[in-house]
Amino acid sequence: MSLIAVLALDGVPGHQLTTPGLVFGAAARHHPWVDYDLRICAAPGFGSTGGPAPFRIETPWGLEGLEDADTVLLPGCAAFRDEPAPAVVEALHAAAARGCRIGSVGTGTFVLAATGLLDGRRAATSRRHTEELARLYPRVEVDPDGAVVTHGRFHSAAGVLGGLDLCLRLVTLDHGESVVIETERQAFLQLHSPADDPAGDVAATPAPSDGSLDEAIRWMEANLQHPLTLAEIADRTGLGVRTLTRRFRSETGLSPLQYLLHARIQLAQRLLERTDDPIERIAARTGLGTPANLRHHFHRCTGTTPGIYRNAFRSLAAAFTWAARDEAGQP
């Protein structure tokens with residue numbers, strides 16, 4: 001389990017406080033072997049979030065919540081130009097001294113810079129504050145273009161949507177590219193779907209194989225467009241059907257044909273997200289055959305239709321792109 005402590009200072013932007021839960025929660029929910037524990041820790045003097053609609057939170061954790069964390073995340077705050085409280089500086093230094101990974105989002109980089117921990121390191125902050133950060137902390141190498149900047153154990157983000165890119169970078173470092181691709185997809189869809197809408201809730205992601213099935217899985221994924229049968233998969237592996245099925249269930253949690261369907265739905269998702277291929281072509285490329293068959297299995301696995309999925313994902317992707325370009329207005 002990886003313990004992530006989010007340090008909330010007074011006036012933290014609400015979206016920066018909630019985004020880590022969105023991302024790390026999606027990673028753990030859709031990948032059974034991924035385990036994150038997230039805690040919100042209130043810094044001394046914390047009252048509420050900032051912005052036009054502030055809200056209060058209650059948390060059992062104060063600065064002591066950082067003591068056993070593997071990662072500390074520092075969102076922005078209202079008084080980011082002020083010197084942080086000595087207890088905050090001490091807690092962050094203690095975390096760094098024991099090798100803890102530390103990330104800052106937006107104006108949270110000012111707080112981290114004030115501790116001296118970023119001296120001689122590259123860092124990023126909100127676009128409209130890059131010159132100010134460089135002026136106040138000349139020992140910090142400020143990257144004006146870095147969405148996410150990594151220097152050793154320190155990571156900093158420009159601040160769009162609460163450091164979404166930063167959280168995704170940390171998931172990538174922890175679990176690799178395949179996990180972060182699915183996590184990003186689920187995070188997008190959670191922002192779109194109401195709480196009781198199953199859209200985007202794909203059937204449980206299979207656990208990774210321990211290696212003995214890797215060749216068979218690669219062959220299956222390279223031949224999704226063909227009408228593969230269980231006997232053909234067994235022949236490819238040199239195993240009997242029963243042995244193959246038993247090994248698939250043991251190592252991935254799915255039968256070979258369930259794994260095959262899951263891979264086809266994931267390919268359909270990628271094609272819907274990244275191409276303009278019509279449904280007929282996607283059905284053929286994924287091996288699902290007909291548009292009707294694609295729609296049936298896609299809806300059963302995701303709770304939505306291919307058309308709605310494509311429109312939802314693209315509208316959210318466009319919104320994220322717009323937000324990144326318009327970040328000058330973000331704290």
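**Strand 4 and its neighbours**

I began with strand 4 and strand 8 (residues 154–157), which run parallel and are joined by four bridges. I am working on a predicted model here. I looked up two facing positions between these strands. Val105 stands opposite Ala157 in strand 8. Ile102 stands opposite Phe154 in strand 8.

Next I checked the other side of the pairing. Strand 3 (residues 71–74) also runs parallel to strand 4, and four bridges join them. Thr71 has Arg101 of strand 4 opposite it. I then traced the connection from strand 3 to strand 4. Strand 3, helix 2 (residues 86–97) and strand 4 make a right-handed β-α-β unit.

Is strand 4 enclosed or open to the outside? I went through its residues, 101–105, and five of the five are buried, so strand 4 is largely enclosed by the rest of the structure. I sorted the side chains by direction. Arg101, Gly103 and Val105 point one way, Ile102 and Ser104 point the other way, and all are buried. I noted that Arg101 is on this buried list.

**Strand 8 and the hairpin**

I asked the same of strand 8, and both of its faces are covered. Phe154 and Ser156 are buried on one side, His155 and Ala157 on the other.

Strand 7 comes next. It pairs with strand 8 in the antiparallel sense, over four bridges. I picked out Val149, whose bridge partner in strand 8 is Ser156. Strand 7 and strand 8 form a hairpin, with two residues between them. In the turn I found Gly152 with a positive phi of about 65 degrees.

**The whole sheet**

I stepped back to get the strand order. Six strands form an open sheet in the order 2-1-3-4-8-7, and the pairing is mixed. Which strands stand at the edges? They are strand 2 and strand 7 (148–151), each with a single partner strand, so one side of each has no neighbour in the sheet. From one strand to the next, the twist averages 20 degrees.

I then looked at the strand 2 end. Seven bridges join strand 1 (residues 2–8) to strand 2, and the two run parallel. Ala8 stands opposite Ala42 in strand 2.

**Aromatic pairs**

I counted aromatic pairs next: the structure holds four. I wrote up two of them.

One of them is Phe24 with Tyr36, a tilted pair with 4.8 Å centre to centre and 55 degrees between the planes. This pair links distant parts of the chain, with Phe24 in helix 1 (residues 14–29), Tyr36 in strand 2 (residues 36–42), and their positions 12 residues apart in sequence. I checked burial for both partners. Phe24 counts as buried because its relative accessibility is 2%, under the 20% cut-off. Tyr36 counts as buried as well, because its value is 12%.

Phe298 and Tyr309 form an edge-to-face pair, 5.4 Å centre to centre and 80 degrees between the planes. Phe298 lies in helix 12 (residues 291–302) and Tyr309 in helix 13 (residues 306–325), so the pair ties together parts that are 11 residues apart in sequence. Phe298 and Tyr309 are both buried.

I also looked up a charge over a ring. The charged end of Arg39 sits over the ring of Trp61, 3.7 Å from the ring centre.

**Helix 5**

I checked the length of helix 5 (residues 164–175). Its 12 residues reach 16 Å from the first C-alpha to the last, close to the 16 Å expected at 1.5 Å a residue. Which of its residues are buried? I listed Leu164, Leu166, Cys167, Leu168, Leu170 and Val171. I kept the helix repeat in mind for this list. An α-helix has 3.6 residues a turn, so residues three or four places apart point the same way. What follows helix 5? Gly176 does, and its phi is positive, near 95 degrees.

**Thr19**

My last look-up was Thr19, which has its place in helix 1. Is Thr19 buried or exposed? It is buried, because its relative accessible area is 8%. I then checked a contact across the sequence. Thr19 and Gly163 are 144 residues apart along the chain, yet 7.2 Å separates their C-alpha atoms.

Note on methods
Residues numbered from 1 in each chain as written. Predicted model: local features only at pLDDT ≥ 70, side-chain atom pairs only at ≥ 80, totals over all residues. Heavy atoms only, no water. Phe/Tyr/Trp six-rings, centres within 6.5 Å; stacked < 30°, edge-to-face > 60°. Buried < 20%, exposed > 50% of the residue type's maximum accessible area, 1.4 Å probe, protein only. Lys NZ or Arg CZ within 6 Å of the ring centre and 35° of its normal. Pairing = 2+ DSSP bridges. Right-handed = clockwise from strand over helix to strand, strands pointing away. Expected span 1.5 Å × (residues − 1). Axes fitted to C-alpha atoms, helices over the stretch in contact; angles between N-to-C directions.
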